[in-house]
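Student: I should like to learn how to read the features of a protein model in order. May we go through this one together?

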Amino acid sequence: MFPSTVMSCQRSVKRLPRAQRGITMIGLLAWSFVICVVALIGMKVTPALLEYQTITGMVNKAAKEGGSTVADIRASYDRAAQIEYGVEAIKNGRDLDITKENEQIVIRFAYDKEIELVDPVYLVIKFEGQSK
């Protein structure tokens with residue numbers, strides 16, 4: 001008698017439809033659009049950031065090993081700028097602000113980089129830094 005009771009209970013239980021899970025086509029398109037925009041901006045901005053890091057390294061090297069006069073430091077930066085590939089923002093040592101603070105040479109620089117994202121849309125990044 002026990003097995004027949006279990007069988008009758010199983011027949012009377014109705015299964016509810018399960019809620020569908022997943023992402024819709026519109027959701028997939030929206031996320032792919034967001035990912036593409038972030039990737040586009042990342043690919044356009046990365047060279048500018050690498051150039052900034054290169055300029056910072058060149059300025060630090062010129063401050064430490066460039067000499068004691070402003071002309072020597074500018075000449076040292078100019079030599080480094082001729083060797084380094086991809087530095088277009090500050091090509092001349094004349095664009096550097098060279099001072100002496102607490103018996104230490106400090107070189108400051110600032111420049112703007114305009115990056116074209118899509119034809120009428122541009123991204124402007126203002127870079128500034130100084131030697132350590």
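Student: Over how many bridges do β2 and β3 pair, and in which sense?

Tutor: This is a predicted model, and in it β2 and β3 pair in the antiparallel sense over 10 bridges. One pairing to find on the display is E116, which stands opposite Y122 in β3. The connection from β2 to β3 is a hairpin of two residues.

Student: What is the order of the strands in the sheet?

Tutor: The general idea for a strand comes first: in a regular strand the side chains alternate between the two faces of the sheet. In this case the sheet is open and has three strands, in the order β1-β2-β3, with antiparallel pairing. The edges are taken by β1 (97–101) and β3 (121–130); each has a single partner strand, so one side of each is left without a neighbour in the sheet. On average, neighbouring strands of this sheet are turned by 20 degrees against each other, direction ignored.

Student: Over how many bridges does β1 pair with β2?

Tutor: Strand β2 covers residues 104–118, and β1 pairs with it in the antiparallel sense over five bridges. Two pairings can be followed by eye. T99 stands opposite V106 in β2, and K100 has I105 in β2 as its bridge partner.

Student: Which residue in the hairpin of β1 and β2 takes a positive phi?

Tutor: That hairpin has two residues between the strands, and N102 takes a positive phi near 55 degrees there. N102 is a residue other than glycine, and its place is in the loop between β1 and β2. E103 lies in this loop between β1 and β2 as well. E103 is not a glycine either, yet its phi is positive, at about 60 degrees.

Student: Are N102 and E103 buried or exposed?

Tutor: The cut-off for exposed is over 50% relative accessible area. N102 has 78% and is therefore exposed. E103, at 72% relative accessibility, also counts as exposed.

Student: Let us turn to the helices. Where does helix α2 lie with respect to the strands?

Tutor: Helix α2 spans residues 25–65 and lies across β2 and β3. Its direction is at about 165 degrees to β2.

Student: How should I read the packing of α2 and α3?

Tutor: Two packed helices are described by the angle between their axes and the distance between the axes. Here α2 and helix α3 (residues 70–83) pack at an angle of about 140 degrees, and their axes are 9 Å apart. An angle over 145 degrees would count as roughly antiparallel, and 65 to 115 degrees as roughly perpendicular; the angle of about 140 degrees falls in neither range, and α2 and α3 are therefore oblique to each other. The crossing in which α2 passes α3 is right-handed. On the α2 side the contact is made by I55, M58, V59 and A62, and on the α3 side by I73, S76, Y77, A80 and A81. By class, this contact of α2 with α3 has eight nonpolar residues, one polar residue and no charged residues.

Student: Is E51, a residue of helix α2, buried or exposed?

Tutor: Buried means under 20% relative accessible area. E51 has a relative accessible area of 5%, so it is buried. Leaving aside neighbours within four places in sequence, E51 is in contact with G86, V87, E88, A89, Y111 and K113.

Student: How do other residues of α2 compare with respect to accessibility, for instance L40 and K64?

Tutor: L40 lies in helix α2 and is partly exposed, with a relative accessible area of 28%. K64, whose place is in helix α2, counts as exposed at 68% relative accessibility.

Student: Which residues distant in sequence does L40 contact, and how far apart in space are K64 and K132?

Tutor: With neighbours within four places in sequence left aside, L40 is in contact with L117 and V118. L40 and V118 are 78 residues apart in sequence, and their C-alpha atoms are 9.6 Å apart in space. For K64 and K132, which are 68 residues apart along the chain, the C-alpha atoms are separated by 9.0 Å.

How values were computed
Residues are numbered from 1 along each chain as its sequence is written. This is a predicted model: local features need pLDDT of at least 70, side-chain atom pairs count only at pLDDT 80 or more; totals for chains, interfaces and linings use all residues. Side-chain values use heavy atoms; hydrogens and water are left out. Two strands pair if DSSP finds at least two bridges between them. Helices (H or I, at least four residues) and strands (E, at least two) are DSSP runs, numbered from the N terminus. Axes are lines fitted to C-alpha atoms, for helices over the stretch in contact, and angles run from 0 to 180 degrees between N-to-C directions. Contact means heavy atoms within 4.5 Å. Angles under 35 degrees count as roughly parallel, over 145 as roughly antiparallel, 65 to 115 as roughly perpendicular and the rest as oblique. A crossing is left-handed if the near helix is turned anticlockwise from the far one by less than a right angle, and right-handed if clockwise. Ala, Val, Leu, Ile, Met, Phe, Trp, Tyr, Cys and Pro count as nonpolar, Asp, Glu, Lys and Arg as charged, and the others, Gly among them, as polar. Buried means under 20% relative accessible area, exposed over 50%, partly exposed in between (1.4 Å probe, protein chains only).
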